[in-house]
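Biologist: I'd like a close look at one part of this chain rather than a quick tour. Could you pick a single helix, tell me how it sits, and then fit it into the rest?

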Amino acid sequence: MRVILKEGLEKKENLSMDKKYVVYSVETYKSGEEFYRIENDANQVIPYPTTLFKIVSNKVNSDWILWNKPNNNSAFLPRQFAYLSFWEDYYNDELEALKIFNLVKERLFQEELEENEVYVIFEKENEDEITFIINVLIKTKDIRFINPVIQYVKSKLEKSYGEDNTTLLAFRYLSLFNQSEVEDYFIYYLTNIELGNDQLTAIVNEYFA
């Protein structure tokens with residue numbers, strides 16, 4: 001499920017017009033109030049009144065359940081989140097809750113994220129989002145984004161930013177595919193090896209082994 005802000009609203013802190021937000025839970029209080037729990041632009045997962053948004057995708061998979069809580073509130077959410085302390089544990093950085101959240105987030109993004117949105121994420125060079133997206137691409141072996149990943153790592157290496165984890169993940173993603181674009185880029189890398197590091201070179205050497 002995904003939502004966007006309704007048109008004509010005043011600017012909301014940490015929310016952007018025309019941005020599609022993944023919904024992690026639809027929560028109904030016994031007072032009748034309803035909230036979408038989403039991740040805002042500050043990477044905070046918090047509930048917002050449903051009246052602020054319109055739905056752009058109603059898609060949910062079979063893991064979603066209607067959970068009636070003991071306090072007479074209810075939530076429509078992924079089954080993995082349906083225990084009383086989940087959100088409290090998540091906000092307290094409990095490792096198990098963070099692991100569960102990230103696994104669900106990866107699946108939801110895989111199901112919901114549109115191709116043009118991935119291109120925009122790479123263009124904006126938001127490192128946290130790019131790292132997350134590349135991890136999803138590796139797990140799903142999604143071949144559609146070879147070219148934006150190549151452009152991303154090529155730009156980073158030329159700026160001498162080749163020592164970070166995101167670039168390493170990008171090389172691992174590219175190495176999954178026996179494609180001419182990947183081969184050409186890795187040959188380019190080897191001819192400009194001073195731009196990289198030993199870990200990147202090891203991935204490329206293994207690719208051609």
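Modeller: Sure, one term before we start: buried means under 20% relative accessible area, exposed means over 50%, and partly exposed is in between, using a 1.4 Å probe and protein chains only. Helices (H or I, at least four residues) and strands (E, at least two) are DSSP runs, numbered from the N terminus. This is a predicted model, where local features need pLDDT of at least 70 and side-chain atom pairs count only at pLDDT 80 or more, while totals for chains, interfaces and linings use all residues. Residues are numbered from 1 along each chain as its sequence is written, and side-chain values use heavy atoms, with hydrogens and water left out.

My pick is α8, which runs over residues 198-208 and has L200, T201, I203, V204 and Y207 buried. Those five sit on the same side of α8, because they cover an arc of only 155 degrees around the axis (an arc taken from the directions from the helix axis to the C-beta atoms). The spacing makes sense: an α-helix has 3.6 residues a turn, so residues three or four places apart point the same way. Flip to the other side of α8 and you find D198, Q199 and E206 exposed.

What do the buried residues of α8 pack against? They pack against three helices: α5 (146-158), α6 (165-174) and α7 (180-191). At the start of α8, have a look at N197, where a side-chain oxygen comes to within 3.0 Å of the backbone nitrogen of Q199. Just ahead of that, the loop between α7 and α8 holds I193. Unlike the buried set in α8, I193 is partly exposed, at 37% relative accessible area.

Now for the rest of the chain. There are eight helices and seven strands in it, and the C-alpha atoms fill a box of roughly 65 × 40 × 30 Å along the principal axes. Of the 209 residues, 44% are buried. Taking contacts (heavy atoms within 4.5 Å) between residues at least 6 apart in sequence, 54% join residues at least 24 apart.

A few residues elsewhere are handy to click on. R107 belongs to helix α2, residues 95-112, and is buried, with a relative accessible area of 18%. The R107 side chain makes a polar contact of 3.3 Å with the side chain of D63; such a contact is a pair of N or O atoms within 3.5 Å, one able to donate a hydrogen and the other to accept it, with residues adjacent in sequence counted only if both atoms are side-chain atoms. Setting aside neighbours within four places in sequence, R107 is in contact with N61, D63, W64, P78 and Q80.

Helix α3 (residues 115-124) has its own buried charged residue to check, E117, with a relative accessible area of 16%. Not counting residues up to four places away, E117 touches R2, K20 and E112.

Finally, try P49 in strand β4, residues 45-49. P49 comes out as partly exposed, at 31% relative accessibility. With neighbours within four places left aside, P49 is in contact with E34 and F35. P49 and V26 are 23 residues apart along the chain, with their C-alpha atoms separated by 9.8 Å.
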